[in-house]
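Please examine the structure below together with its sequence. A report on its architecture follows the display.

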Amino acid sequence: MNLINLENAAKAYGPAPLLDAVSLGLDEGDRVGVVGRNGGGKSTLVSVLARETEPDTGRVTHARGLRLGHLAQRDDFPEGATVRSVVLGDRAEHEWAGDVRVRDVLGGLIADLDLDAPLAGMSGGERRRVALARLLVPESDLLLLDEPTNHLDIEAIDWLARHLKDRKSALLVVTHDRWFLDEVTDRTWEVVDGSVERYEGGYSAYVLAKAERARITAATEAKRQNLLRKELAWLRRGPQARTSKPKFRVDAAQALIADEPPLRDSVELTRFATARLGKTVHDVEDVTVQVGGASGGGSGDGAARTIFERMTWRLGPGDRVGLVGVNGSGKSTLLRLLDGSVSPVAGTVVRGKTVQLAHLTQDLEDLEPSRRVLESVEEIRRRITVGKRDWTASQLLERLGFQRERQWTPVGDLSGGERRRLQLLRLLMGEPNVLLLDEPTNDLDIETLTEVEDLLDGWPGTLVVVSHDRYFLERVTDHVVALLGDGRVSMLPGGVDQYLDRRAAGTAPKPPRPETPAEKAAAGKADAGKAAAPPKPTGGQDWKARKELDRLERRLEKLAGQEADLHEQLAAHATDYAKLQELGGRLREIQAEAAAVEEEWLMLAEDIG
């Protein structure tokens with residue numbers, strides 16, 4: 001059944017149309033992801049489909065009785081609204097509390113919020129979760145979601161993906177979160193130059209298909225450029241030659257990725273980083289950090305809260321670390337501890353003498369509004385080397401989406417996403433050897449994200465990234481650590497998946513609001529008659545498995561120590577290329593063994609559950 005049909009629609013807000021004679025449709029069961037550059041027309045397309053914006057030409061048709069849910073980028077609520085009034089309206093408590101699906105939405109998105117709390121004064125993340133809950137509580141035939149993951153942490157994004165996969169509603173989602181696109185969509189629309197290009201598959205399949213189209217286009221252009229030369233050669237040969245029709249067959253995936261080198265040459269980057277940094281970057285020893293109150297450097301109101309207690313952590317040359325944790329767990333505080341703007345109340349933080357640190361915070365940097373974009377970058381440096389290539393400030397600006405004419409725009413006229421890109425590029429132009437990135441993907445479109453990732457692939461230094469963008473986090477870092485609320489940094493060999501598993505296993509905070517008697521009674525009634533899940537085995541077999549898990553963890557720690565020793569040896573023999581080759585070989589062997597042990601650990605941990 002066709003739900004929405006768009007016929008020959010056009011929409012423009014200036015001389016260049018955002019949509020130009022676009023025709024497409026959404027059917028039952030469709031799950032479509034929409035991608036494209038910022039300002040390219042994605043939100044306009046969603047708004048037109050939702051009939052909230054009228055096209056200049058063409059028409060939009062909705063199926064009769066269509067139950068449509070639309071999440072816009074901005075969360076608007078009535079003045080004086082509470083969580084309850086927005087999400088549940090005037091539903092009786094026994095009615096919604098007895099609905100398993102409604103309880104799942106409330107528990108997954110707003111379990112930590114008081115239903116009677118006013119929305120005024122809530123954070124952006126809390127308001128976004130309330131807006132999502134309002135959308136997901138009722139049944140819908142089609143959901144149109146514009147940036148649903150904005151302001152959500154990794155756990156909320158994971159819950160939302162699982163929830164949408166279980167819903168029967170058709171779905172169209174605009175997001176820059178590539179992991180989310182792969183999880184919930186099976187078709188991709190790219191809004192580009194006023195048209196909508198359609199691809200089968202989620203984000204990964206879209207990238208592959210687009211690369212294949214580009215390869216074919218390049219081959220076609222090369223043939224066109226050589227046409228005259230071939231025609232002349234043909235004429236010189238005289239009579240028409242006998243020819244055979246060339247046969248061409250390619251497995252697109254294998255042809256495109258088979259000869260691709262690794263994203264990063266880890267050994268070479270580590271060697272460069274060690275040469276620039278030496279053996280010590282940051283050694284955090286037995287540190288206790290408090291925030292709030294007089295001791296935390298705050299206003300002095302309220303008691304100080306301990307974020308880290310006797311925490312020890314080492315950050316070495318060439319380390320590329322992803323940092324995860326719930327909002328408020330201390331991720332930004334840890335970055336400020338490393339940059340020196342937060343001081344511990346106990347313990348020591350040793351910073352290497354050669355460290356040149358740059359910190360991208362979540363706050364937009366204050367820049368002179370009248371200064372041109374190119375001038376604001378060139379005042380830092382006109383040229384830098386990334387990897388093995390020299391780049392001018394203008395070339396790097398172009399890579400990050402500032403075309404030549406845009407480079408002469410006053411900074412005051414830039415959007416939030418453009419200011420974010422400019423802020424990041426100014427940091428990179430300073431050629432730091434330690435880079436701290438706090439939510440670097442905010443307001444960046446997918447094309448810009450891929451350019452940033454490519455730049456970081458060739459950047460030799462120590463990198464710590466805090467991000468809710470799981471794809472970006474796993475793409476640019478080599479391992480993940482977490483803040484789990486126990487006052488220390490925990491290594492996660494299994495990455496983000498292991499973090500989510502550990503949170504789900506019992507470390508997640510309990511909702512502060514107790515269940516009402518009506519909720520308890522309704523929940524008990526709804527669950528009555530269900531067979532209790534059999535308990536997990538606790539006998540000798542399970543004990544042996546857990547003992548083996550402990551052994552693998554100790555092995556991983558030992559391998560990590562050996563890897564750190566090799567990094568120090570690489571630093572000590574930075575000019576002895578024969579020794580570097582030998583050490584590099586040993587390092588690759590240890591990394592390969594660590595990867596095998598990690599895989600064994602993950603499989604065993606999954607079996608234990």
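The report moves from the whole chain to its sheets, its cores and one leucine.

This is a predicted model, in which local features need pLDDT of at least 70 and side-chain atom pairs count only at pLDDT 80 or more, while totals for chains, interfaces and linings use all residues. Residues are numbered from 1 along each chain as its sequence is written, and side-chain values use heavy atoms, with hydrogens and water left out.

**The chain as a whole**

The chain has 21 helices and 20 strands, where helices (H or I, at least four residues) and strands (E, at least two) are DSSP runs numbered from the N terminus. Of the 609 residues in the chain, 45% are buried; buried stands for under 20% relative accessible area, exposed for over 50%, and partly exposed for values in between, with a 1.4 Å probe and protein chains only. The chain exposes about 31,700 Å², of which carbon and sulfur atoms supply 49%, the areas coming from the Shrake-Rupley method with a 1.4 Å probe. Among contacts (heavy atoms within 4.5 Å) with a separation of 6 or more, residues 24 or more positions apart account for 69%.

**Two antiparallel sheets**

Strands count as paired if DSSP finds at least two bridges between them. Angles run from 0 to 180 degrees between N-to-C directions, and the axes are lines fitted to C-alpha atoms, for helices over the stretch in contact. The table sets out two open sheets, each with antiparallel pairing.

| Strand order | Edge strands | Average twist from one strand to the next |
|---|---|---|
| β2-β1-β4 | β2 (17–27), β4 (57–62) | 10° |
| β11-β10-β13 | β11 (305–315), β13 (346–351) | 25° |

In the sheet β2-β1-β4, strand β1 (residues 2–12) is joined to β2 by 7 bridges, and alanine 9 stands opposite valine 22 in β2. Helix α1 (residues 42–49) packs on this sheet, where it touches β1, β2 and β4, and its direction makes about 50° with that of β2. In the sheet β11-β10-β13, strand β10 (residues 282–291) pairs with β11 over 7 bridges, and histidine 282 stands opposite leucine 315 in β11.

**Nonpolar cores**

A nonpolar core is a set of buried Ala, Val, Leu, Ile, Met, Phe, Trp, Tyr and Cys residues joined through side-chain atoms within 4.5 Å. The largest has 46 residues, and those with the most contacts inside it are Val87, Ile110, Val130, Leu136, Leu164 and Phe180. A second, separate core of 45 residues includes Leu425, Leu449, Leu455 and Leu492. In soluble globular proteins, nonpolar side chains tend to be buried together. Isoleucine 110, leaving aside its neighbours within four places in sequence, is in contact with Val83, Val87, Val105, Leu115, Arg129, Val130 and Ala133.

**Helix α12 and leucine 357**

Helix α12 (residues 331–339) has as its buried residues Lys331, Thr333, Leu334, Leu335, Leu337 and Leu338, and just after α12 glycine 340 takes a positive phi of about 90°. Leu338 is also one of the contacts of leucine 357, together with His282, Asp339, Arg351, Pro432, Val434 and Leu436, when neighbours within four places in sequence are left aside. Leucine 357 is found in strand β14 (residues 357–360), and it counts as partly exposed because its relative accessibility is 25%. Leucine 427 lies 70 residues from leucine 357 in sequence, with a C-alpha to C-alpha distance of 9.4 Å in space.
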